Amino acid sequence: MDINWYPGHMARTRRVILDTMKNVDIVIELVGARIPTASKNPDIAQMIGNKAKILILNKSDLADPEQNKKWAEYYRNLGYTVLLGNSRSRDDRKPVLNAIREAYREKAERDAKRGIVARTARVMILGIPNVGKSTFINNLCGARRAEAQDRPGVTQKKQW
């Protein structure tokens, strides 16, 4: 008998992520820069597999700059493209978009060698509740696409 320690909503979310992952090219994971290990779900790395992965140390302006450097190096050694950022800052859009383009360029080149025509990159954004995912999405899009509040659980469903 398999025992699942996840409560129902967490198990459902895990299934949705795994089902959607096959349609995704790049995964962006947001973690809190002040508490990167505590704000990172350890199961996400296993769910991502070999997809291109970008890790954003969010709210890095509130964290110690020296610690930010150490955490960024740590996650780069694990195979992540790491960016320091703040979901509310317009200045952080360009580095994220450049990282997405670079990650997708590699995939598009691999696909072209196999005769597959390039299409628009599909990006999944993951992170624990209240880490800034909705604010990040709204900032990246330049418009309000996801409801964002200072409390967890406001955005609870998958969005395209």
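**Exercise 1. A network of charged residues**

Lys107 has a relative accessibility of 17% and counts as buried (buried means under 20% relative accessible area, exposed over 50%, partly exposed in between, with a 1.4 Å probe and protein chains only). The model is predicted, so local features need pLDDT of at least 70 and side-chain atom pairs count only at pLDDT 80 or more, while totals for chains, interfaces and linings use all residues. Residues are numbered from 1 along each chain as its sequence is written, and side-chain values use heavy atoms, with hydrogens and water left out.

Task: find which residue forms a salt bridge with Lys107, and place the pair in its helix.

Solution.
1. The salt-bridge partner of Lys107 is Asp111, with 2.6 Å between the closest N and O atoms. The criterion is a side-chain nitrogen of Lys or Arg within 4 Å of a carboxyl oxygen of Asp or Glu.
2. Both residues belong to helix H4 (residues 93-113) and stand four residues apart, which means a separation of about one helical turn. Helices (H or I, at least four residues) and strands (E, at least two) are DSSP runs, numbered from the N terminus.
3. Asp111 is also buried, at a relative accessible area of 10%.
4. Through shared partners, salt bridges connect Asp25, Lys107, Asp111, Arg114 and Arg119 in one network.

**Exercise 2. Salt bridges across the chain**

Task: state how many salt bridges the structure holds, and give the positions of Asp43 and Arg14.

Solution.
1. There are nine salt bridges in the structure.
2. One of them joins the side chains of Asp43 and Arg14, at 3.8 Å from N to O.
3. Asp43 sits in helix H2 (residues 43-48) and Arg14 in helix H1 (residues 8-21); with their positions 29 residues apart, the pair links distant parts of the chain.
4. Asp43 is partly exposed, at 23% relative accessible area, and Arg14 is likewise partly exposed, at 23%.
5. Another salt bridge pairs Lys40 with Glu29, the closest N and O atoms being 2.9 Å apart.
6. Lys40 is in the loop between strand S1 (26-32) and H2, and Glu29 is in S1, so this salt bridge ties together parts that are eleven residues apart in sequence.
7. Lys40 is buried at 13% relative accessibility, and Glu29 is buried at 1%.

**Exercise 3. The sheet**

Task: give the order of the strands in the open sheet and say which strands stand at the edges.

Solution.
1. Along the sequence the pattern is α-β-α-β-α-β-α-β-α, from five helices and four strands.
2. The four strands form an open sheet in the order S3-S2-S1-S4, paired in parallel (two strands pair if DSSP finds at least two bridges between them).
3. Strand S3 (81-85) and strand S4 (123-126) are at the edges; each has a single partner strand, so one side of each has no neighbour in the sheet.
4. From one strand to the next, the twist averages 20 degrees. Axes are lines fitted to C-alpha atoms, for helices over the stretch in contact, and angles run from 0 to 180 degrees between N-to-C directions.
5. S1 and S2 run parallel and are joined by seven bridges; Val27 has Lys53 in S2 as its bridge partner.
6. Six of the seven residues of S2 (residues 52-58) are buried.
7. S2 and S3 also run parallel, joined by five bridges, and Ile54 has Thr81 in S3 as its bridge partner.
8. H4 packs on this sheet and touches S1, S2, S3 and S4, its direction making about 145 degrees with that of S1 (contact means heavy atoms within 4.5 Å).

**Exercise 4. H4 against H5**

Task: determine at what angle the axes of H4 and H5 cross, and which residues meet.

Solution.
1. The axes of H4 and helix H5 (residues 133-141) come within 10 Å and cross at roughly 85 degrees.
2. The two helices are therefore roughly perpendicular. Angles under 35 degrees count as roughly parallel, over 145 as roughly antiparallel, 65 to 115 as roughly perpendicular and the rest as oblique.
3. From H4, Arg93, Val96, Leu97 and Ile100 meet Phe136, Asn139, Leu140 and Cys141 of H5.
4. This contact comprises six nonpolar residues, one polar and one charged. Ala, Val, Leu, Ile, Met, Phe, Trp, Tyr, Cys and Pro count as nonpolar, Asp, Glu, Lys and Arg as charged, and the others, Gly among them, as polar.
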